[in-house]
Amino acid sequence: MDDSEALHLLWQRVGGRVRKAVGDAAFKSWLAPLRPVALHDDRAVLLASTAFLKDWVRNNYQQLLLREFQRDVPHIREIAIHVGLEAAGRGTAKEGVTAGEAGSDEAEAAAAPARAAEPAREDTAVEGLTGLLDAALTFDNFVVGKANELAYAAARRVADSDDVAFNPLFLYSGVGLGKTHLMQAIAWHIVRAKPGRRVMYLSAEKFMYQFIRAVRFKDTMAFKEQFRSVDVLMIDDLQFFTDKNSTQEEFFHTFNELVDRKHQVVISADRSPSDLDGMEERVRSRLGWGLVADIHPTDFELRVGILEQKLAMNADVHVPEDVLQFLAHRITSNVRELEGALKRVIAHHELMGREITLDLARDVLADLLRANSRKITIDEIQKKVAEHFSIKITEMSSSRRARAVARPRQVAMYLSKKLTTRSLPDIGRRFGNRDHTTVLHGVRKIEELIQSDSSLAEDVRLLEAALSN
Ligand SMILES: Nc1ncnc2c1ncn2[C@@H]1O[C@H](COP(=O)(O)OP(=O)(O)OP(=O)(O)O)[C@@H](O)[C@H]1O
């Protein structure tokens, strides 16, 4: 059996397990089109037919692929995905395609993290850097807004400063709001701007895995040495250390030693140091000694900015402004999901040839939209409508029939019918125990007026947008 045949069989085994993990549909769309092209020492190289497919796989399946490859070939440390036409052909493509040969800017970019992730090499500044760095996660690609400006400024300071800025810098936020992006941006910046500084970036999970392995192979001295000799240590997702065990103890020693020797430490987690329940009190307190910066949930402007920036990286696709705004309005949970939504819309456009419109977005994102839709309450509607028309909230249930209060009340009834799942009698009860026919009359009246009175139509549109956001 020659090498390419062996590789093909390996890919079949790995692919079989990946298919089970992700399901048939996702496998068929994203993973089946990949071709294995080479196995170099600790690196498996896969070829994707488009930059889009490469990005998608890298963002969504790279870790899974790595795990599954490692089950057959334990020394694999990296999955490199390059762009090349061979992927469109059948069977195994030619071996040893390098980023340069694959011949696109994308492929060049993909090569960067691979180079950076390699262990110490004479011609590189990134001695000892572990973990995969994603070429897209740089400061240039990070959009700054109110929600993340403190974390961004702190990250830049750490990356720029020749000395130790804050030690540690502790970044935290909810899921998918940019912690890893900022961590990797710091790593990239130092690696590029300060050749010679040894930066180590890895997840807490990987730290634990390496420590357990070192214990098993009685190699803890080398483990300690490896971590304690770096200039900058960055550990992502620290909340992974949930139990007070020997890994946590080892981390704490490493951390203390680095901080005492004035080497920079950067940590990220999904909660603040004081909320890291599984950590010992002394560890939690020490983690808070430097600067603790959190990233807040995004606001609408920031979401639009991020979408525009992601789109600019996908240069040849045009997404109409109304679709971008729609996504920014409706996918509010986190940036990863927002980015995923944009990618899904673009994928449908690219793979199915459908024009990008609001209808397409609604259609292909139905599940995400449902998950992101907030439950709007009648209380909120009454409050917003009263504010908008400058009337007292008590007028919503009062018996006054003057138009200045009756019309806003009808608008609130209309919105309650449209934006909540409440029945007409239910709504009536919340508006001063009115009969359901009164509610129906109000709803119909507003429906009519929306057609004939443009200023009222605009009021309703604004209120609906404010309530839905
Ligand atoms: N301000 C931003 N500008 C551009 N992209 C962003 C920004 N914030 C987040 N992203 C993007 O959102 C995605 C998720 O971000 P990231 O992985 O950094 O989140 P995280 O907070 O580390 O998530 P987790 O809690 O799952 O570890 C990434 O693709 C990242 O590039």
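**View 1. The whole chain, with its 21 helices and eight strands.** Helices here are DSSP runs of H or I with at least four residues, strands are E runs of at least two, and both are numbered from the N terminus. What you're looking at is a predicted model, where local features need pLDDT of at least 70, side-chain atom pairs count only at pLDDT 80 or more, and totals for chains, interfaces and linings use all residues. Residues are numbered from 1 along each chain as its sequence is written. Of the 469 residues in the chain, 36% are buried. Buried means that 20 or more other C-beta atoms, placed from the backbone, lie within 10 Å of a residue's own; exposed means 12 or fewer, and partly exposed is in between.

**View 2. Helix α1 (residues 3-22) and its two sides.** This helix has 20 residues and reaches 28 Å from its first C-alpha to its last, close to the 28 Å expected. The expected span is 1.5 Å times one less than the number of residues. L7, W11, V14 and V18 are the buried residues of α1. They cover an arc of only 80 degrees around the axis, so they sit on the same side of α1. (The arc is that of the directions from the helix axis to the C-beta atoms.) Look at the other side of α1 and you'll find E5, A6, Q12, G16 and K20 exposed. After α1 comes G23, with a positive phi near 95 degrees.

**View 3. Helix α6 (residues 149-160) and what covers it.** Its buried residues are A151, Y152, A154, A155, V158 and A159. Seen down the axis of α6, these fall within an arc of 165 degrees, so they line one face of the helix. Their cover includes β4 (169-173), α7 (179-193), β7 (264-269) and β8 (291-295).

**View 4. The shell around the ligand.** Which residues come nearest to the ligand? Of the 20 around the ligand, they are G178, K179, T180, H181 and V335. To count as near, a residue needs its C-beta atom, placed from the backbone, within 6 Å of the molecule. Two or more shell residues come from each of α7, α12 (300-313) and α14 (335-352).

**View 5. D237, in the loop between β6 (232-236) and α10 (246-260).** D237 is partly exposed, with 19 other C-beta atoms within 10 Å. S203 is 34 residues away along the chain, yet the C-alpha atoms of D237 and S203 are separated by 6.0 Å.

Notes
Two residues are in contact if their C-beta atoms, placed from the backbone, lie within 7 Å.
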